[in-house]
Structure formats: C-alpha cells, structure tokens
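Trainee: Could you pick one part of this model and walk me through it closely? I would also like to know how that part sits within the whole.

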There are 2 protein chains.
Amino acid sequence: MKKYTELTKAELSALLTELEELYGEYKARGLKLNMARGKPCNEQLDLAMGMLDAVDSSSVLTAEDGWDCRNYGVLDGISEAKRLFADMLDVHTENVIVCGNASLNIMHDMIARSMTHGVMGSTPWAKLDRVKFLCPAPGYDRHFKITEHFGIEMITVPMSENGPDMDMIEHLVAEDESIKGVWCVPMYSNPQGYTYSDDTVRRFARLKPKAPDFRIYWDNAYCIHHLYREEKKQDKLLEILSECQLNGNADMVYEFASTSKVSFAGAGISVVAASVGNIAEIKKHMTVQTIGHDKINQLRHVRFFKDMDGVMAHMMKHADIMRPKFEEVDKILTRELEGLDIGSWTMPRGGYFISFDALDGCAKEIVAMCKDAGVVMTDAGATFPYGKDPHNANIRIAPSYPSLNELVTATELFALCVKLVSVKHLLGK
Amino acid sequence: MKKYTELTKAELSALLTELEELYGEYKARGLKLNMARGKPCNEQLDLAMGMLDAVDSSSVLTAEDGWDCRNYGVLDGISEAKRLFADMLDVHTENVIVCGNASLNIMHDMIARSMTHGVMGSTPWAKLDRVKFLCPAPGYDRHFKITEHFGIEMITVPMSENGPDMDMIEHLVAEDESIKGVWCVPMYSNPQGYTYSDDTVRRFARLKPKAPDFRIYWDNAYCIHHLYREEKKQDKLLEILSECQLNGNADMVYEFASTSKVSFAGAGISVVAASVGNIAEIKKHMTVQTIGHDKINQLRHVRFFKDMDGVMAHMMKHADIMRPKFEEVDKILTRELEGLDIGSWTMPRGGYFISFDALDGCAKEIVAMCKDAGVVMTDAGATFPYGKDPHNANIRIAPSYPSLNELVTATELFALCVKLVSVKHLLGK
C-alpha cells in the first residue's frame, strides 16, 4: 500500500470520493456503539456475581480481628482487606488504608486536603499564589479535571515507552517550589498502555524536589490488569514505596489502586498506600471526615477472592475476555492503516486502552465523524491538560465495553474516519 | 428523699463514706461496658440481615431506569433510591442526591468545598480572614470536629426544648457576614432528644443572613428513629426545604440523612437534600470527585425495604428494641436521683441519646469515675464546641449498644458516680 502522504492530488481526490461513499453506507446503518470510557463489559461483570453470595443473611460478619462489620468503627479498613491490597501492591499492611468505592475519590480528597491543610505541616496550597502539577500526557482525563478544579496549573510532560520525560521532571521539580505533584499511571498507562521502566521508577524515587510538600500521585490502577496469561508477556513495575524509602524519600509518594475493574465498577473497594508518616497524616484527616468506610463490602471482597492468588486467577478470566478485543483492534488497524503514514497506535500488554496518534490536526474531526456515524469515542483532547492536545492528534480507544462484533464494526468505522479525515487534511480541505 | 444541696456537712460526709464503699464494690467487679457512642446493638443489626439476600448472584442488577448497577455511571443515585429518600424527607426526587455510606462524609465535603470553592460563586472561605459557624449546644461532637478542623470559629448557641435560641441566631446572622452556617440536628436532637418546634423551623426558614453563602446544615439523622409505635407519641418536624422556599430562601438549607442506623452502621446509604440550585452546584463538584457511589448497595437497600412503608415497619422493630433501654435508664435515674437536686435528664421520644446535666463543675469527674470502674461514657465536654462545656455539666448517655442487663449495671454505676461526685463537690473537695 502506498503512503497517503505520497499520493498525488488526483489520487487523493479519487480516494476521497470512494471513502465518502463508504462512510455514507456506515451512516445509513444507524449504529449506536460506545468506545468512550474504560467500562468493563457485561461478561467481565458476570465473573464477579459470585461475590454477591460471599456474605448473606446466614454469614457471621465479624472481621478476623473481631470487628463486627455491620457496626461503626475501623477507620483504615479491616485487616484482611488491608492484607489483600498490601499483597497486591507489594507493600506492608502498615502502609495501606482501605477506602470506599473509588480511588479517584481518594485522589481528589488528597488534593482537597492539601489545599485546605497543606501536607505534613506545609502551607495550605489555597494560601499560595501558585500551585503547579506535572502532567505526563497523554494521560488520564479525570486526573487533569481534579487539578483543574482546584485551580492548579498543569504542565504537560511528554510520554515515551519508558514513561514520562524524566530529564524534564527532574529539572522542573528541583527548580520550582510551586510544583507540588505529578500525576502518574505507571503501569499499562492510560491511554498508551506503557509501563514505566525500572530506570524511570528509580529516577522518580530519587527526585530532589524543591518543595518539601511535593508528592508523586502514583495511580497504579492497572497493576494487575494483564492481557496475557503467560508471565513473560506481562509487564513488570518496580515497587515505588521501597525505592523512595531507599533514597530517603519515603514520604514523597502516594499510591492508589482499587478493585473497580476487578469486581464491580463503582461497587468495589479502594486503597491508598504510602509511608507510615503519610498514613498517619491521612488518618488524622479521615477521622474528621468519616467514621469509616463500608466494611461489609470489604469483607465481601476478601471472602470472595480469598487472597491474591484468588484475585490473579480472577484477573486471568478478565484477560481472556479483554485480550481478543485488543488484538482485534490491532488487527483491524494494521489491516486498514499500516503503511499509509496517517496514524500510529500502541499495542499494550495490559490496561484498558489503546492510544492512537493521527496526523497533526486531525483528531477532533475523526472523533466527530465517528460520532456522526454512531460511534462515540473519548473526546479528542481529553488526554491532555485542559482538554487541549497541542497537536490535535491523540485519540483514546477503549475496546473493553462493546462486544467483539460491535468492536469490529466500530474499529472499522474508526479506521475509515482516520483515512477520510487524513485525505481531506492532505488535500488541504 | 432530701435534696443533697440541703444536707449538712456531717450528713454529706457520712453519705460520702457510704457511696465510696458502694463504688469500691462496683470497681471490684471489673466491668467492661460502653455507653460512649450511638452504636446500634447486635439485635438491631440482626434486623437487617435479610438485606444481604436482597441481591445475590442470581439477581438482575439493573436499576429501574436501565442502569447496570455493576458498572460505572449515575452520579446522583439510582431513581428508586432517590425516591425512597425523597419520601423519607418529604421532598421531591429532584432535590436529593444519594451518596455513599455516611452523611457525615457529605457534610464534611460540603464544608471542604465551601473552603476551596465558595458557595454558588461566593469567595472561597479559605480566602476569608474569618469564617464562623453557629453551634447549638449541647450538640453532636462530630459536627464540631469538622468546623474546628477547617479553622472555622464556633459560636455556642443555647438549646431549649423547642430548639436553639432563635433570638440569638436571628440577630447574629443578620449582623455578621462571617457567619456562614449553623449546625442543626432538628429532630430527636443529639444529645437531648429535642425536636425543633414549628415556630423554630419557621424562624430558621425566615432568617435574613447577611452572608449570601450562609447555609443551614440540617442533619436530620433521626427523622425516622421514633421510640414509640403510637403516632401520637412520635415527634413531628416541619419540612424545612419547602418552608425555606416559601420564604424566598430556597437555597439556604442543606439537609442530610442516612440509613446508618436503619440498615447497617457504616454500610448504609446516605442522602443530601437541597434546592435544585444547590443540587446542581453539588453535582458540579461531585463530577470531579467521583464517578458515582455504590449503586449495588443502593439497589440492595431498595429491594430490601421496598418503600417507605417497608422502612417504617422496620423502624418499629428498632423502636421495640430501643424503647425499653431508654425507659430503663429513665427508671433508674428517677429511682436513684429524683429529688436530690444534683442532676436532670431528658426523656426523648426518639433518637439515640439521653442528655444528663450534673451540678456545674462535676461532669468530667463523673465520666472519669465511671471509666475507672469500667463503664465508658462519651467524654464530658464533647457535646460542646472545642470539647469545652463552659459549665462542665453535660453528659451524653448512649443506651443503644449495651444489652438491657448491661445497661442496668452501667446506669446504676453512673447514678452512683453522679451522687459521689456531687457529694464531694458540695463538700468542697
């Protein structure tokens, strides 16, 4: 196949007519498909239905350390749930607090608390003239929404296969005391599916921030979301808490995770992991905010999964559902777009997303054309701070929710829209 | 029985010896009882066990408007849960947001948001030199902890059987723009068990606060927690949202409630009710903080209770467990203390607490002596802002958690400690 960038104007015009006709046919089908969000599909959710039987009216709802999960008490989670998450993140139980139904809520609250109370005695950020966060991008739109909501200035940091541009991060945090944090999805990153290299993690752990209240927001959302059963096809991430501690930076990182895409999205349990000092500080705030999170749901999770072996066995069933979808998207994009020089995409080994880069200036129109033909994608730009992709090139593909059949249709339409918009773009239209 | 205040020194001294001997006997028993917090007892929690069967692995977890409760989505609660709470609070569904496992968390977050973002466009409270809250007291310690945590200055407002001193509140809010809120437990108040009179509610609804961002924090925690089955023995509270609207103050109130003491404490669902304008503002913040609360637990609640008739039938079973406990405390206190002129107490018709007023200066020592003999009470002072009861007189009794037998022992010991400390006090010791 000849590269589109090497076609003559006449060839492009002929192609455009052909593609527009095809697009018209798709439009006529009245599709209604959604690849916008990283939502588990029904088949995945069905895997966890047994959890609803894990506690019932005949159960004794007493946690292993004697707490009645039906009553008040236990700020930081029942012991067995702490152990499950500690195992998942490869940290100690003293480093974790088990929270409510979403890690996003914890991240939001961590920033809200820093705004009103500062961090370990620092000036409350709300009292400072400027507060900045580093935002490796493309990244997770909901991270950026939180920082934007609190008026925190966002600085885009480029991503590579090994993680964010560490030269830039090292330089900026050492120079600028107003930089208080960095958003990271270190494993199977959203949306590219990259896993930070050991070197990147070590450089994070060795940062010398000018601000003592600088924190790494380590959103390890996809730490167990592999696509492949074979261990050698699974990414590995270096554990950051111990790396930070080794470098005298024990307090520099907050890690987050949840079972949102393990059990039920929105009805799972979540965790924050951090140094003993940070945990004490967080609990001091939590004791004002809540009497404790839902312990029955914590117990339900532990009784269903038993332990990390149980969780991983469960995740392999997820992998079997997700893998064909990712592979199908890759297959279609390869068949339709390879060699055309109008787009590139990632093929992650885990996580929930594939990242697509179109020709500069084309992303918004591609997404709009998909929508017009009945396929909703994540808004173009969403993967960058303030929703503004400087190249208007990046598009996030979320293959999880549609059925395999729907996914084929949606991806074929997407590839067609990429071609169509690229041809128009090359024709200067 | 002669009043202690009329006894001679010699009579008091003889009494002291006798009481100290009795106290020594209690101490020797090595009691371990707890009347500190408003925790439901096991028998009450057992009432809700059927809820754990309300959804199981064979259930279709689709809400009535089509949402799959197992997946992401629905910021403000599933329709059937909204309807249940709207019925409970006698408001419209458009006025409610169903939240997570505790209304305390909502209240905290409302104040946190006001600190960082202001209220409907007002200056963020964190940017103001002074922010004040009115605190009817005795009141709920966790309310006061929240305002203290955010550095909000607390002004104590005296309570009466009809509610807070409205002359004082009307005057203060009209004069002082830095007064941004007032904490209320309007029905079966914590700890006195008073229900605000219609006149009090109407005066609240007619307030003319100088601060446009002034809000009434209406914590209707005990709205359905009657002790008696007979309707004529149940308190009635005027619905405040409509009263505020009638007076052109639609946005002036946030109302809170939950099922914490209806289903499971810590594993219930909660609600905030407010004007359509406030609800829109809250949702704007929530959309950044969360993808939505636990819908499966919302569904579980609705499928178990069915509707408000189901909830009220359930609450009558609670009443049957709670009523004898309240009556037992009252009986013992009457038997032991009536006519002695060393203390008075409330006998509420609902809620979770009995409020006891000792002689001025005696509360701390009474609570300490109870503790020394193995009965934990709420810290004296906790019912006032900053944990400081200016009269050191008020003690909160929480009869719900102990069994009836334990409660008898605990209350008898308490009455003994009241006598003992009062006698010492009258002797000037």
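**A small sheet and its surroundings**

Mentor: Let's set the scene: chain A has 13 helices and 13 strands (DSSP runs numbered from the N terminus, with H or I and at least four residues for a helix, E and at least two for a strand). The C-alpha atoms of this chain fill a box of roughly 75 × 55 × 35 Å, taken along the principal axes. Bear in mind that this is a predicted model, where local features need pLDDT of at least 70 and side-chain atom pairs count only at pLDDT 80 or more, while totals for chains, interfaces and linings use all residues. Residues are numbered from 1 along each chain as its sequence is written, with chains lettered from A and ligands numbered from 1 in the order in which they are written.

The part I would pick is an open sheet of three strands in chain A, in the order β10-β11-β13 with antiparallel pairing (strands pair if DSSP finds at least two bridges between them). Why do β10 and β13 of chain A each have one side left without a neighbour in the sheet? Both β10 (343-345) and β13 of chain A stand at the edges, so each has a single partner strand. In general, what holds such strands together is backbone hydrogen bonding, in either a parallel or an antiparallel arrangement.

Now follow one pair. β11(A) and β13(A) run in the antiparallel sense and are joined over four bridges. Try finding Phe356(A) in your view: its bridge partner in β13(A) is Ile395(A). The sheet also has company, as helix α12 (residues 363-372) of chain A packs on it and touches β11 and β13 of chain A (contact is when C-beta atoms, placed from the backbone, lie within 7 Å).

Next, step back to see where these strands take part in something bigger. Chain A is assigned a domain 1, covering 4-44 + 312-426, and a domain 2, covering 61-306 (the bounds come from an automatic or database domain assignment). Taken over C-alpha atoms, the centres of these two domains of chain A are 30 Å apart. Where they touch, domain 1 of chain A contributes 26 residues and domain 2 of chain A contributes 29 residues. On the domain 1 side, α11 (308-337), β11 (354-358) and β13 (394-397) of chain A give two or more residues each, so to speak of our sheet is also to speak of this contact. The most comes from α11(A), with eight residues.

Chain B has an open sheet of three strands too, in the order β10-β11-β13, with antiparallel pairing. Here β10 (343-345) and β13 (394-397) of chain B are at the edges, and each has a single partner strand. In chain B, β11 (residues 354-358) pairs with β13(B) in the antiparallel sense over four bridges. One place to look is Asp357(B), which stands opposite Asn394(B) in β13(B). Helix α12 (residues 363-372) of chain B packs on this sheet and touches β11 and β13 of chain B.

Finally, look at where the chains meet. Chain B and chain A each bring 44 residues to the contact. On the chain B side, α4 (103-117), α5 (141-149), α9 (276-289) and α10 (295-305) each supply at least two residues. The largest share, six residues, comes from α4(B). Because 100% of the interface residues of chain B are also interface residues in chain A, the copies meet through the same surface.

Conventions: Contact = placed C-beta atoms within 7 Å. Axes fitted to C-alpha atoms, helices over the stretch in contact; angles between N-to-C directions.
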